[in-house]
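Let's take a walk through this one together. Pull up the viewer and keep it handy.

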Amino acid sequence: MKSLLLLALLPFCNAVAHEMTPTYPTFSKSFMAGISVTTLNIFNKRKDVSYYEIGVFTDKWEPIPFVSEYTIIPMKYLDTVSFDVYVSNLSLGSVEFICSVSQVQAGATVSSKICSRIK
Amino acid sequence: MKKLLIVSLLLAPHIPAYAEDTPIVGNVQTRCLITTDTNGVFGNPLPSKLSTASADGGVVPVIRYDVTLADAYHAKVTTPTAFSSSPSLSDSVTWTGTTAVSKTSDAGMSGYEAAKVTYGSTTQFDLTIAGSTWFSSEATAVYGVSKSFPGGSYTAIVLAECIAK
């Protein structure tokens, strides 16, 4: 019976990593009136991840509308991507977290999420 | 020959030295790096049970957090509550999971385990010291009431979060 069960076997001892900086980004005026912008960087050292989803949230984890070149950023292995996040000045005071979440492919066993905080 | 050598030595100070200082620049900033050190593997000790515990023949997933600034991040590890892929299941699956500190790079991090906060399937750790911390996250799935899991491939996902304070 046991042999019928093929379990999720993945190569282990295979270090993969996700990093996002800065920890405490700051918004500044953008080229458009009423819109502020901040820049963040993601480093992808996960061979099993090709996309990271960006989200902007309040302190209660409610989503806040934002604009970026990509909401889901395509990334190659060992790529570092710099991206801008544009937020309306009307909702700027509510922005608490900017997060990136790995979009795992079938077979991956760990999803990673890193959130920077606006202070 | 000696004269030539003396003349060369006398002229030597007049030869310009083509040396420059080459700076090496770097920028260290606060960061959190989440690394999957070991991917988990389910063992199948009973027909109705899948478990990553080594006692059950599984491999416990290990996730490493590296932080470069003390007291800047929370680590949250959430054990799975569903399969991300599996054969069709007709009965419910009961999940249990635990997350613990398995290794630290600093002796001062020994208090992380005692100070952890668990709610639902999520365990939160306060990363008060800069350095690396390894978390192991065990998960067990039991199918129905002593039902056998259907044959096939099963995958579940552990969510590792690093949230700035």
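In what sense do E4(B) and strand E10 (residues 131–143) of chain B pair, and over how many bridges? They pair in the antiparallel sense, with six bridges linking E4(B) to E10(B). Keep in mind that what you're looking at is a predicted model. If you want a spot to zoom in on, try B:Ile63, which sits opposite B:Phe135 in E10(B).

Now stay with E4(B) and look for its other pairing. E1(B) and E4(B) run antiparallel too, joined by six bridges. Here B:Thr38 is the residue standing opposite B:Val62 in E4(B). As for the surroundings, strand E4 (residues 62–67) of chain B is largely enclosed by the rest of the structure, because five of its six residues are buried. "Buried" here takes 20 or more other C-beta atoms within 10 Å of a residue's own.

Next, follow chain B out to where it meets chain A. The contact draws 37 residues from chain B and 34 residues from chain A. On the chain B side, strand E1 (32–38) and strand E12 (158–164) each supply at least two of the residues that touch chain A. So what's that side made of, by class? Sort the residues of chain B that touch chain A and you get 19 nonpolar, 14 polar and four charged.

E12(B) also pairs across the chains. Strand E8 (residues 110–117) of chain A runs parallel to E12(B), and six bridges join the two. To find one of these links on screen, pick A:Lys113: its bridge partner in E12(B) is B:Glu161.

Note on methods:
Residues are numbered from 1 along each chain as its sequence is written. Chains are lettered from A and ligands numbered from 1 in the order in which they are written. This is a predicted model: local features need pLDDT of at least 70, side-chain atom pairs count only at pLDDT 80 or more; totals for chains, interfaces and linings use all residues. Two residues are in contact if their C-beta atoms, placed from the backbone, lie within 7 Å. Helices (H or I, at least four residues) and strands (E, at least two) are DSSP runs, numbered from the N terminus. Ala, Val, Leu, Ile, Met, Phe, Trp, Tyr, Cys and Pro count as nonpolar, Asp, Glu, Lys and Arg as charged, and the others, Gly among them, as polar. Two strands pair if DSSP finds at least two bridges between them. A residue is buried if 20 or more other C-beta atoms lie within 10 Å of its own, exposed if 12 or fewer, and partly exposed in between; C-beta atoms are placed from the backbone.
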